[in-house]
Structure formats: C-alpha cells, structure tokens
Amino acid sequence: GLEVAHLASHMSPSQPLQIISLLFTNWFILEVIIRIRVTGIRNFFTKHEWMWNLCDLVLVFISIVELGYTSFGTSSTSRSPLSTLRAIKIIRVVRLFRLFRYFSQLAKLALMVADSVRQLLWALVMFILIMYVWAVTLTEGCTDWLKLHVNVTDGDAAIARQIEDSQVDGLKEVHRFFGSLDRSIYTLFQVSLGGVSWHQVTDAVGYVDWFYFMLLFAYV
C-alpha cells in the first residue's frame, strides 16, 4: 500500500520501500522453503491447507519475478510487455487473507461471505431479469409515444433536430431516458443505484401515459 501511494505521485519507486519489499520477499521465500522442508513436498500440496500453500507459492514466484526485473533495472513507466507483468503485483494483496488461518473468527466470517455469494449471484440475476422486463415494457410505450411526434426512421442527427424544434413537453426527456432499449436499461440501472434522481425519470414518463408512470413508480 505504501509503495502504491508513493508511485501515485512519483515517477520512480522509493529506495527504502524497495529495501523493505526485498526483506519481505526474502522472508516469504524462506518461510515457504521451511514449510516444504518440514511437511514434505507431497504433504505440502495434499494437506487440508494445500490451497493456502499453493497461493503462497504463487505469490513467492511473482515476488521473485518482480525482484528479477527490479534487479535488471526495468523502468516502472516502461510500455514494454515486461511492464504489463507489474499488474500481477496486485495479487500480493491476497497475502492479507493468510491471517484467516490464525484468527478463527475471521475464517468463519470469510466462509459465511463465501456461502452468501452464490445466493447473491442469483439475486443479481433476478434483478437483471426484472430490470430487463421493465425496460422492454417502458421502451415499447415510450417509443410508440415518440413516433406520434418524431419521425424515428431518420438518423440520430435528424431526430435530435426534430426534438429541438418540437414544442411538445417532455419529448426531449422521454427520448433521452427511454428512446431505445439500451437507454431504458441504462436509465433503470441509474435509478437503481442513485445515478439519476428517480423523480426526473418518473416525471418524464408521466408525459407518456399514467400507466407507464405507475409501472416505473412500482419499479422504484
């Protein structure tokens, strides 16, 4: 974290931070070597903690590769393919999860979060389906209303000019929020996450018909 904060405002890495990183890298390498020596290679990859061991081994390998590039003076701002590998350094944050092995409460909390992810994904699928159904219905009603005032077969530039020249109230708002299916999905997504105030969207749909107004109000 300190290294990232430093590189955010400097072109080159900090020498003291590089020394600290080198010490930690050597510590992790020594730790993995000792664990392999004590448990044996077979048990290292087959015991109940084999996933943690494999994660540590990968992190050590990444640290060694990074150390090698640093030793050869690879520039942190280089645009070569070698600089792309520096993005893998973010995986080092996974080291924090090693604390779960030593704190039972953290481990239990992690397991609870992992168990809830599957249910969360299904809830997300349900949310997307609901949003899609609402978007299709609102797009159909709003585009039918737009066709009464704008020739939608013209190009986008011509439609924009027609909307600017029209005196119909709410025409611009309805076209901006629900002029197409992708716009409707994006609008509903914004409404759900607070990206746009819901009263602006419902007021726009109110120009179309009270049914679509109530439908959107029910979605909100």
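**Talking through helices H7, H8, H10 and H11**

Modeller: Let's start with helix H7 of this predicted model: across residues 156-165, Ala158, Ile159 and Ile163 are buried.

Colleague: How do you know that they are on the same side of H7?

Modeller: Their directions from the axis cover an arc of only 135°, which puts them on the same side of H7. That buried side packs against H8.

Colleague: And which residues of H7 are exposed?

Modeller: Arg161, Glu164 and Asp165, on the face turned away from the buried side. Exposed means over 50% relative accessible area.

Colleague: What about helix H11, which residues are buried there?

Modeller: In H11, residues 210-219, they are Tyr212, Leu215, Leu216 and Tyr219. These cover an arc of only 95° around the axis, so they sit on the same side of H11. Trp210 and Ala218 are exposed on the other side.

Colleague: What makes the Asp209 side chain a polar contact at the start of H11?

Modeller: A side-chain oxygen of Asp209 comes within 2.8 Å of the backbone nitrogen of Phe211. The cut-off for such a pair of N or O atoms is 3.5 Å, so this one counts.

Colleague: How do H8 and H10 pack?

Modeller: At an angle of about 115°, with their axes 9 Å apart, and the crossing is left-handed. Glu173, Val174, Phe177 and Phe178 of H8 meet Gln200, Val201, Ala204 and Val205 of H10.

Colleague: How many residues of each class are in that contact?

Modeller: There are 6 nonpolar, 1 polar and 1 charged. Glu counts as charged and Gln as polar, so Glu173 and Gln200 are those two.

Note on methods. Residues numbered from 1 in each chain as written. Predicted model: local features only at pLDDT ≥ 70, side-chain atom pairs only at ≥ 80, totals over all residues. Heavy atoms only, no water. Buried < 20%, exposed > 50% of the residue type's maximum accessible area, 1.4 Å probe, protein only. Helix = DSSP H or I, 4+ residues; strand = E, 2+ residues; numbered from the N terminus. Arc of directions from axis to C-beta. Polar contact = N/O pair within 3.5 Å; in protein donor to acceptor, adjacent residues only side chain to side chain. Contact = heavy atoms within 4.5 Å. Axes fitted to C-alpha atoms, helices over the stretch in contact; angles between N-to-C directions. Left-handed = near helix turned anticlockwise from the far one by under 90°.
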